[in-house]
2 protein chains.
Amino acid sequence: MCLHCNYQELLTSVNLEATESRLRVLEVVGNNSFPMSAGDIYKTLERNSTINRVTVYRILDLLVGSGIVERLSTGGRSAYYGLAPNNFHKPHPHFYCKQCGQMDCLNPDSLTVKVESLSKTFPGRIDKVEVRLDGICKNCLKQN
Amino acid sequence: MCLHCNYQELLTSVNLEATESRLRVLEVVGNNSFPMSAGDIYKTLERNSTINRVTVYRILDLLVGSGIVERLSTGGRSAYYGLAPNNFHKPHPHFYCKQCGQMDCLNPDSLTVKVESLSKTFPGRIDKVEVRLDGICKNCLKQN
DNA sequence: ATCGAATATGCAATATTGTTGCATTAAAAA
DNA sequence: TTTTTAATGCAACAATATTGCATATTCGAT
Ligand SMILES: [Mn+2]
Ligand SMILES: [Mn+2]
Ligand SMILES: [Zn+2]
Ligand SMILES: [Zn+2]
């Protein structure tokens, strides 16, 4: 959970109506300590109430499009979602466990990427830099 | 194309029988100057001969598993494949164009990642570090 | 070279993840 | 309140990848 985030405000700050469904999706994403898949988010929401799977996908697209949620690739088939970097929440790399699918957020300073020199000469537009480490997590290592 | 790669040898070096299909898949991957999807590889092979789509997937799994081909995530739905880093071919970041799906290999030195300090303290096993830049490529920028 | 075992490939069906079109409901504006 | 717009639900569909099992190919021993 991000102490600095009022989800209601976050939504209105990007000109999105703070509907019940959007708030609930954003809460699940924001209150989780690690990124999760659309399926996971849907299952979490379904436990306590009812929402359509498609609505979850649409809301995630919306939140990613408006820049308050970040879509992360994994070493697996599905994208994961977490709160997008902001003033209180620096960009950081992630670790993806190939075995259990768990994704961890790594310390923003644990790994440095120097992209400035490239940005100057690269002929296209760079919107995002994603750094992901793949491997086997501590727990899964133990089990083997 | 990698001048240092003899694909036949490459296969046998990892104890894989150099079957016709495997050679052809590896050639397509290795001779291409940028990573491509399983579907692209399949289409390329189908143009001149015949191979089953499933076989392409299975061979790619095999090649990735044996470490001679690298599976790369994209900002899109499908994985892309390229020759895995080796002595003649340093690890490097990639650029993915969200619009046309083209993936480019960036210069290994264009972007520095310091992962040593993390590796020392991280409790899991790190097999791979993937750095991907997402954005809009030069060509797609022009068209808008 | 021949036979039997192991491996590779093909094919159909299925799974997983994500998207689209359109009807319905809820909310905002007039 | 009425009209208009936006959000959600539902069913169908699409793209990508995987599985099970049948067939074909290759390998190793004789
Ligand atoms: Mn994170
Ligand atoms: Mn490359
Ligand atoms: Zn794990
Ligand atoms: Zn492009």
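**Close-ups of a predicted protein–DNA model**

The helix α4(A) gives five residues to the surface near DNA strand C, the largest share of that surface. Keep in mind that this is a predicted model, as you go through the views below.

**View 1. Three helices help to line DNA strand C.** Besides α4 (53-66) of chain A, two helices of chain B, α2 (20-31) and α4 (53-66), each bring at least two residues to the surface near the strand. Sort the residues of this surface by type and you get seven nonpolar, five polar and eight charged. There are 20 residues around DNA strand C, and the ones that come nearest are Tyr57(A), Thr19(B), Arg22(B), Thr55(B) and Arg58(B). Now look at it from the DNA's side: of the strand's atoms that come within 4 Å of the protein, 65% belong to sugar and phosphate.

**View 2. Arg22(B), Glu17(A) and Arg58(B) meet DNA strand C.** Here we pick out one side chain at a time. For Arg22(B), a polar side-chain atom sits 2.8 Å from a phosphate oxygen of the strand. Glu17(A) has a side-chain N or O atom 3.2 Å from a sugar or linking oxygen. Arg58(B) goes for a base instead: an N or O atom of its side chain is 2.6 Å from a base oxygen of DNA strand C.

**View 3. Four cysteines of chain B hold the zinc ion (ligand 4).** The SG atoms of Cys97(B), Cys100(B), Cys137(B) and Cys140(B) coordinate the zinc ion at 2.2 to 2.4 Å. Along the chain, these donors are spaced as C-x2-C-x36-C-x2-C. Why is the arrangement called tetrahedral? Because the angles between the four donor atoms run from 104 to 115 degrees. For comparison, the ideal angle for four tetrahedral donors is 109.5 degrees. Two of the cysteines also show how burial can vary: Cys97(B) is buried, at a relative accessible area of 0%, while Cys100(B) is partly exposed, at 43%.

**View 4. Thr74(B) sits in a loop between two strands of chain B.** The strands on either side of this loop are β2 (69-72) and β3 (80-83). Thr74(B) counts as buried because its relative accessibility is 5%, which is under the 20% cut-off. What does the side chain of Thr74(B) reach? One partner is the backbone nitrogen of Gly76(B), at 2.8 Å, and another is the backbone oxygen of Ser78(B), at 3.1 Å. Leaving aside residues up to four places away in sequence, Thr74(B) touches Tyr80(B), Tyr96(B), Met103(B) and Arg132(B), plus Ser73(A) from the other chain.

Definitions and conventions: Residues numbered from 1 in each chain as written. Chains lettered and ligands numbered in written order. Predicted model: local features only at pLDDT ≥ 70, side-chain atom pairs only at ≥ 80, totals over all residues. Heavy atoms only, no water. Near = heavy atom within 4 Å. Polar contact = N/O pair within 3.5 Å; in protein donor to acceptor, adjacent residues only side chain to side chain. Helix = DSSP H or I, 4+ residues; strand = E, 2+ residues; numbered from the N terminus. Nonpolar A, V, L, I, M, F, W, Y, C, P; charged D, E, K, R; others polar. Donors = N, O, S within 2.8 Å, 3.2 Å for Na, K, Ca; no water. Tetrahedral: all angles 85-135°; square planar, octahedral: opposite > 155°, others 65-115°. Buried < 20%, exposed > 50% of the residue type's maximum accessible area, 1.4 Å probe, protein only. Contact = heavy atoms within 4.5 Å.
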